[in-house]
Structures are given as structure tokens and as C-alpha cells.
Amino acid sequence: MPGVYTNRRAHYEYELLERFEAGISLTGSEVKSIRAGGVDFRDAFARLTLGNVELEGLYIPVYTQATYNNHEPRRTRRLLLHRQEIMKLKKQLEQKGLTLVPTRLYAKGRVFKVELALARGKQLHDKRRAEAEKTVRRELRSL
């Protein structure tokens with residue numbers, strides 16, 4: 001089982017401001033499928049609805065050995081956060097241009113956790129600058 005699934009695209013597309021750790025509500029076939037591998041963050045995002053935080057678009061493949069009770073791969077999953085954290089997120093998401101992006105999915109003991117980041121979208125020139133800084137750091141490390 002891979003220890004941690006990361007959303008590498010989030011670091012490229014967004015400026016990550018603050019991170020939160022949340023539990024995730026999963027079914028049995030989803031847990032087995034995650035342990036088998038193949039989670040995809042491509043279209044995943046978190047949304048605040050009616051006082052709950054929900055993760056949408058996270059792809060967890062269908063578990064082939066499951067029975068007729070198999071899960072839907074891109075279903076909406078509830079995230080488990082403390083009420084104070086949800087209120088803090090609600091205040092910060094009211095600001096223009098901020099969104100909640102999942103950055104990692106990992107096992108912590110027997111449960112799975114999702115790391116959420118409060119993020120602001122990058123412009124094209126920001127992406128270019130970040131890429132240039134990355135190349136400079138890589139070149140300095142090689143010297």
C-alpha cells in the first residue's frame with residue numbers, strides 16, 4: 001500500500017495558504033480500494049454545505065473483489081472536522097478567490113485522513129516565476 005497519495009497539481013495551480021487535517025467518511029470497499037492503490041485527485045475539491053465540509057470529485061476506483069455493495073468512484077464524501085475549524089473555514093472562504101483543495105490522503109493508524117489547504121489560484125505569471133525559482137534551486141543543489 002502506498003503510504004501517502006499527494007495532489008501534486010494543487011501545488012502548481014494554487015498558492016497554499018493554510019492547511020487542515022480532516023477525517024474522511026468511507027465505505028468498506030473504498031478503504032480496500034485505497035489500500036490497493038489508485039486514488040486520483042484530478043478534479044477534487046472541498047465544499048462547505050449546511051455546516052458540513054464535503055469532498056467532491058475524488059476518484060477512488062471500484063474494488064474488483066467487492067460484492068454488489070460496491071461504491072461509486074466519484075461520490076461526494078463527508079469530511080470530519082471540529083466545529084471551530086468549520087467556522088474558521090467558513091469565514092475565510094467568504095473572501096473572494098479562496099477555495100479548499102485536498103492536498104494529501106494518508107492513513108493515520110487505522111483511519112484515513114485528508115489534508116485540506118485553503119488556497120488562492122495562481123495566475124500564469126506566478127506559475128512561471130515559481131517554475132523559474134524551482135529550476136534555480138535545482139541548479140544550485142547540483143553545484
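**Exercise 1. Find out which two side chains meet in the salt bridge of arginine 75, and where the partners sit.**

Step 1: The side chains of arginine 75 and glutamate 30 meet in a salt bridge at 2.8 Å, N to O. For the term, we need a side-chain nitrogen of Lys or Arg within 4 Å of a carboxyl oxygen of Asp or Glu.

Step 2: Now place the partners. Arginine 75 is in the loop between S4 and S5, glutamate 30 is in helix H2 (residues 28-36), and the pair links distant parts of the chain, 45 residues apart. Helices (H or I, at least four residues) and strands (E, at least two) are DSSP runs, numbered from the N terminus.

Step 3: Check the cover. Arginine 75 is partly exposed, with a relative accessible area of 23%, while glutamate 30 is buried at 0%. Buried means under 20% relative accessible area, exposed over 50%, and partly exposed in between (1.4 Å probe, protein chains only).

A word on what you're looking at: this is a predicted model, where local features need pLDDT of at least 70, side-chain atom pairs count only at pLDDT 80 or more, and totals for chains, interfaces and linings use all residues. Residues are numbered from 1 along each chain as its sequence is written, and side-chain values use heavy atoms, with hydrogens and water left out.

**Exercise 2. Work out what glutamate 72 touches.**

Step 1: Look in the loop between S4 and strand S5 (77-80), which is the place of glutamate 72.

Step 2: Glutamate 72 is exposed, at 54% relative accessible area.

Step 3: Leave out residues up to four places away in sequence, and glutamate 72 touches Glu30 and Arg77. Contact means heavy atoms within 4.5 Å.

Step 4: Compare sequence with space: glutamate 72 and glutamate 30 are 42 residues apart in sequence, and their C-alpha atoms are 9.1 Å apart.

**Exercise 3. Trace the salt-bridge network that includes Glu13.**

Step 1: Start with glutamate 13 and arginine 9, whose side chains meet in a salt bridge (3.0 Å, N to O). Both lie in helix H1 (residues 8-13), four residues apart, or about one turn of the helix.

Step 2: Glutamate 13 is partly exposed at 24% relative accessibility, whereas arginine 9 is exposed at 52%.

Step 3: Follow glutamate 13 to its salt bridge with lysine 127, where the closest N and O atoms are 3.1 Å apart. Glutamate 13 lies in helix H1 and lysine 127 in helix H4, so this pair ties together parts that are 114 residues apart in sequence.

Step 4: Lysine 127 is buried, at 14% relative accessible area. Besides Glu13, lysine 127 is in contact with Tyr12 and Lys122, leaving aside its neighbours within four places in sequence.

Step 5: Put it together: salt bridges that share partners join Arg9, Glu13 and Lys127 into one network. A search of the whole structure finds eleven salt bridges.

**Exercise 4. Describe the largest nonpolar core.**

Step 1: Get the layout. The protein has four helices and seven strands, running β-α-β-α-β-β-β-α-β-β-α from the N terminus on.

Step 2: The largest nonpolar core has 24 residues, and Ile24, Val53, Leu58, Leu79, Leu105 and Leu116 touch the most other members. Such a core is a set of buried Ala, Val, Leu, Ile, Met, Phe, Trp, Tyr and Cys residues joined through side-chain atoms within 4.5 Å.

Step 3: At least two residues of this core come from each of strand S2 (14-24), strand S4 (52-56), helix H3 (83-93), strand S6 (98-108) and strand S7 (111-121). S7 gives the largest share, four residues.

Step 4: Zoom in on leucine 58: outside its neighbours within four places in sequence, its contacts include Ile24, Val39, Phe41 and Pro73.

Step 5: Here's the general background: in soluble globular proteins, nonpolar side chains tend to be buried together.

**Exercise 5. Say what is unusual about the phi of leucine 50.**

Step 1: Most residues other than glycine have a negative phi.

Step 2: Leucine 50 has a positive phi of about 50 degrees, although it is not a glycine.

Step 3: You'll find leucine 50 in the loop between strand S3 (45-49) and S4, where it is exposed at 89% relative accessible area.
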